[in-house]
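Q: I should like to learn how to read helix packing and nonpolar cores in a model. Where should one begin?

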Amino acid sequence: MEFFKVTNIDFVGFRKKFAIFSFALSILGLAAIFILKPVLGIDFKGGTEIAYQISSTPTIGEVRTIITNANIKGSEIKSFGDKDQYLIRIVESDIASDMVTKALKAALPNSEIIVLKIDKIGPKISSELLIDAVWALIISTIAILIYIAFRFDFNFGLGAVVAMIHDVLLTFTMIVVVHHLGLVDLEMNQGIMAGLLTVIGYSINDTVVIFDRVRENLEKHKGMNFTKMVNMSLNETLSRTINTGMSVLLVLVVIFVFGGPVLQGLVFTMFWGLVFGTYSSVYVASNFVIWMHERKDKHETESIKGGKKFITAKV
């Protein structure tokens, strides 16, 4: 199904304004990340995470008071799923779960207390996980640059990587800002890192589709102005971009609403990665390639003029 069979939208007409907008947004994103700082989950800093179901449904404040009175330090308590479910995180301890369970049962003797899950990660393992996650992002970026450069052209590969970095940076910014606003629990964990890697894949996939059409049009319309050709390619792939994007967005919204807190970090990351990925494929990757092409043409023109001047002076 095609929403737009024939379009002639001037995507590249305002490319300089969009370039300034994207650059400013990226700078603000970097500033927000350094000022607010991402909050690492137990996956990357170590600790114990215990999920409970308590039949008497005490408030978060009451649970926090119970844990504090039991002299259990470094705790974090929040709701988890249903109203009678709670997630308690504390610093690493071999007897952490026993201490918390004992404190809850002592303070709430008439309540049924069920342990839903216990996750423990030591500081050494968590630091290794963080390093591995960062390396995964770096290696995937390099691999994609090499792939695009061989399949298309180095300028195309560079444009795809610039767009990909733009997407990851802005998505990461959304994670940090939303978490600090307290709207969604988005501590950095393996789920969010998996989401960022998915963002890289989606961003490149959408960009490659557009670049593929540009390459086809280079063969079909030889001699056509490169900027106009890119704009034509964007219009020709617009229906595909919207169909794919809307389909994925609808699924992500449903999972975010009904999938529970365990999946929220992954889904939130993918959602904004999709939004920024679609935007960057049109207004970052393509316009970067146009800028590189114009720069190359300008350099070649100056070289030719310089050669003519040299010949004239010699004669």
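A: Begin with the idea of contact, which here means heavy atoms within 4.5 Å. The model is predicted. Leaving aside neighbours within four places in sequence, Phe156 is in contact with Ile148, Phe211, Val214, Phe226 and Val289.

Q: What is the general idea behind a nonpolar core, and how many residues does the largest nonpolar core have?

A: In soluble globular proteins, nonpolar side chains tend to be buried together. In this model the largest nonpolar core has 44 residues, and Ile148 and Phe156 are those with the most contacts inside it.

Q: Which elements give two or more residues to this core, and which gives the largest share?

A: The elements are helix H5 (123-151), H6, helix H7 (190-220), helix H8 (226-236) and helix H10 (261-314). H6 provides the largest share of the core, eleven residues. Another core, of 17 residues, lies apart from it; Ile50, Ile90, Leu104 and Leu108 are among its residues.

Q: How should one read the packing of H1 with H6, and at what angle do they pack?

A: One reads the angle together with the separation of the axes. Helix H1 (residues 15-36) packs against helix H6 (residues 154-181) at about 45 degrees, and their axes are 9 Å apart. Angles from 65 to 115 degrees would count as roughly perpendicular and those under 35 as roughly parallel; H1 and H6 are therefore oblique to each other. The crossing of H1 past H6 is left-handed.

Q: Which residues in H1 and H6 meet, and how do they divide into nonpolar, polar and charged?

A: Those in H1 include Leu25, Gly29 and Ile33, and those in H6 include Leu169, Thr173 and Val177. The residues of this contact comprise ten nonpolar, six polar and no charged.

How values were computed:
Residues are numbered from 1 along each chain as its sequence is written. This is a predicted model: local features need pLDDT of at least 70, side-chain atom pairs count only at pLDDT 80 or more; totals for chains, interfaces and linings use all residues. Side-chain values use heavy atoms; hydrogens and water are left out. Axes are lines fitted to C-alpha atoms, for helices over the stretch in contact, and angles run from 0 to 180 degrees between N-to-C directions. Helices (H or I, at least four residues) and strands (E, at least two) are DSSP runs, numbered from the N terminus. Angles under 35 degrees count as roughly parallel, over 145 as roughly antiparallel, 65 to 115 as roughly perpendicular and the rest as oblique. A crossing is left-handed if the near helix is turned anticlockwise from the far one by less than a right angle, and right-handed if clockwise. Ala, Val, Leu, Ile, Met, Phe, Trp, Tyr, Cys and Pro count as nonpolar, Asp, Glu, Lys and Arg as charged, and the others, Gly among them, as polar. A nonpolar core is a set of buried Ala, Val, Leu, Ile, Met, Phe, Trp, Tyr and Cys residues joined through side-chain atoms within 4.5 Å. Buried means under 20% relative accessible area, exposed over 50%, partly exposed in between (1.4 Å probe, protein chains only).
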